[in-house]
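Q: I am new to this structure. Please take me through it and test each term against its definition.

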Amino acid sequence: MEEALRAAVRAGRLEPGDRLPSTRTLARDLGVSRRLVVEAYAQLTSEGLLEARQGSGTRVAARSAAADAPRRGAAPARPARPAYDFFPGVPDLTAFPRAAWQRALRTALSTAPASALHYPDPAGAPELRAALAAHLARSRGVETTPQDVVVTAGARQALQLLARVLARRGQARVAVEDPTLPPHVHVLRAAGARTIRVPVDADGIDTARLAGAAADAVLVTPAHQFPLGVALAPERRTALLEWASAAPGRLVIEDDYDGELRYDRRPVRALQGRAPELVAYVGSVSKALAPALRIGWIAAPPGLAAELARERELLDGGNPVLDQLALAELLGSAAYDRQIRLARRRNRARRDALVAALATHVPGARVTGLAAGLHVVVRLRRPVAAAPLAAALAAREVGVVPLLWERESTAALVLGYAALPEPALAEGVRRLAAALAEAA
Ligand SMILES: Cc1ncc(COP(=O)(O)O)c(C=O)c1O
């Protein structure tokens with residue numbers, strides 16, 4: 001309901017000054033609890049879309065419709081995303097907890113001493129490092145201390161910092177999963193690493209192949225392999241740690257990008273908890289809150305945090321402090337956990353809706369991977385030529401990423417479902433099916 005109201009205001013279907021029904025009336029009309037309506041109105045008011053006036057109820061705010069309209073002297077517009085955007089890995093940005101973030105920022109601003117506004121600690125604000133150490137221990141079984149946590153600008157920068165440290169040590173041969181997220185390979189290489197591809201099968205990275213790969217470090221996604229969506233099998237987890245302990249200085253980089261988002265069972269705990277001295281655990285708020293925040297972290301093996309902080313100092317000096325304090329505040333309140341709980345429930349329903357729509361409209365397609373995270377991999381009955389498919393998708397305003405980039409034909413697609421409400425998922429899949437039929 002909140003989303004529908006927000007969309008109606010943004011699209012101008014509700015105009016500035018329009019009066020909304022009372023919360024009691026709307027709750028009765030929609031058959032939902034009044035509390036839900038009160039919360040939705042409060043959220044949209046905090047976003048500046050609605051205005052609550054004593055005595056005259058709730059109205060659409062005067063500047064709300066104009067807020068999204070281009071203004072003179074406005075920044076250049078970003079190319080619009082397709083209407084049915086299955087881009088993997090993006091959470092529902094309309095569900096960002098704006099009110100809670102606003103409260104957390106306000107608390108941070110009003111309680112931070114003036115000294116907090118000095119140049120930041122390149123390892124991260126002490127408050128956030130402590131909050132992360134506690135949160136990661138509780139939610140993912142990570143064994144760390146605030147001193148070993150380094151705050152970064154997202155997981156991407158975490159990889160950049162790790163690669164720079166490894167390169168400085170002369171140990172920068174980094175094994176990566178094949179397939180993997182291509183930009184991460186580019187980031188590692190740009191930071192001085194040499195990457196070596198190691199295949200992934202239904203049990204995760206092939207640790208026997210890793211053993212023969214002459215690597216100093218390995219980047220893995222054990223909880224939910226990206227993109228294939230499988231979990232690293234228990235015996236491979238053990239083999240990975242054995243590999244790391246077999247030679248001095250070897251490092252496992254655990255990218256736990258969506259480890260809190262599992263829908264069919266409790267998430268498997270992080271690998272790091274079994275061997276904190278061998279694993280650099282990497283995470284970020286990109287899936288749980290929003291990628292735009294650019295806040296990530298590394299729970300580093302003892303001793304590594306200082307080297308990572310030195311690299312960070314050389315790059316840009318550290319993360320903006322007020323955002324770090326706000327995140328510490330959010331983690332310390334119930335708001336972060338609540339956000340995860342809501343995201344789990346919403347994503348589970350959306351994944352189910354996507355799978356059902358695929359079964360109806362793309363017969364023969366096989367959905368693979370765990371019920372987790374924000375994406376699925378869909379294996380097609382037969383490969384489709386990539387260029388005609390891209391054109392057919394674009395014509396239908398559908399955004400889809402093939403499993404393997406830059407190939408002439410596509411036998412599998414990676415579909416992100418978290419950002420699309422159920423009706424849009426169904427329509428998007430109908431359009432995808434039409435595009436596949438046209439390109440076949
Ligand atoms: C495999 C993987 N790791 C990590 C991330 C998060 O990256 P960042 O924190 O830089 O936004 C993503 C986001 O798409 C991802 O797909």
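A: Start with the ligand and helix H7 (residues 154–169), which gives three residues to the shell around the ligand, the largest share. The model is predicted: local features need pLDDT of at least 70, side-chain atom pairs need 80 or more, and totals for chains, interfaces and linings use all residues. Numbering starts at 1 along each chain as its sequence is written, and side-chain values use heavy atoms, without hydrogens or water.

Q: What makes residues 154–169 a helix called H7?
A: Helices are DSSP runs of H or I with at least four residues, and strands are runs of E with at least two; both are numbered from the N terminus. Residues 154–169 are such a run, H7.

Q: Which residues surround the ligand, and what makes a residue near?
A: A heavy atom of the residue must lie within 4 Å of the molecule. The residues around the ligand are Gly154, Ala155, Arg156, Leu181, His184, Phe226, Asp255, Tyr257, Ser284, Ser286, Lys287 and Arg294. They divide into four nonpolar, four polar and four charged. Tyr counts as nonpolar and Gly as polar.

Q: How do you know that serine 286 makes a polar contact with the ligand?
A: A polar contact with the ligand is a pair of N or O atoms within 3.5 Å. An N or O atom in the serine 286 side chain is 2.6 Å from a ligand oxygen, so the pair qualifies. Arginine 294 also qualifies, with a polar side-chain atom 2.9 Å from a ligand oxygen. Alanine 155 uses a backbone N or O atom, 2.7 Å from a ligand oxygen. The protein buries 89% of the 400 Å² that the ligand exposes when taken alone (Shrake-Rupley method, 1.4 Å probe).

Q: What is unusual about phi of arginine 294?
A: Most residues other than glycine have a negative phi, and most peptide bonds are trans. Phi of arginine 294 is near 50°, a positive value. This residue sits in the loop between E10 and E11.

Q: Where are the cis peptide bonds from phenylalanine 226 and aspartate 178?
A: Phenylalanine 226 is joined to proline 227 by a cis bond, with omega near 5°. Proline 227 is in the loop between E8 and helix H10 (234–245). Aspartate 178 and proline 179 share a cis bond with omega of about 10°. Proline 179 lies between E5 and helix H8 (182–190).

Q: How do you know that strands E9 and E10 pair?
A: Two strands pair if DSSP finds at least two bridges between them. E9 (residues 251–255) and E10 (residues 279–284) have four, in the parallel sense, so they pair. Isoleucine 253 stands opposite alanine 280 in E10. H7 packs on this sheet and touches E4, E5, E8, E9, E10 and E11 (contact: heavy atoms within 4.5 Å).

Q: Why are E4 and E7 at the edges?
A: The open, mixed sheet runs E4-E11-E10-E9-E8-E5-E6-E7. E4 (149–152) and E7 (204–205) each have a single partner strand, so one side of each lacks a neighbour in the sheet.

Q: What is the order of the four strands in the antiparallel sheet?
A: The order is E12-E13-E16-E15, and the sheet is open. E12 (366–368) and E15 (401–402) pair on one side only. Three bridges join E12 to E13 (residues 375–385). Threonine 368 stands opposite valine 377 in E13.

Methods: A polar contact is a pair of N or O atoms within 3.5 Å; within protein, one must be able to donate a hydrogen and the other to accept it, and residues adjacent in sequence count only if both atoms are side-chain atoms. Axes are lines fitted to C-alpha atoms, for helices over the stretch in contact, and angles run from 0 to 180 degrees between N-to-C directions.
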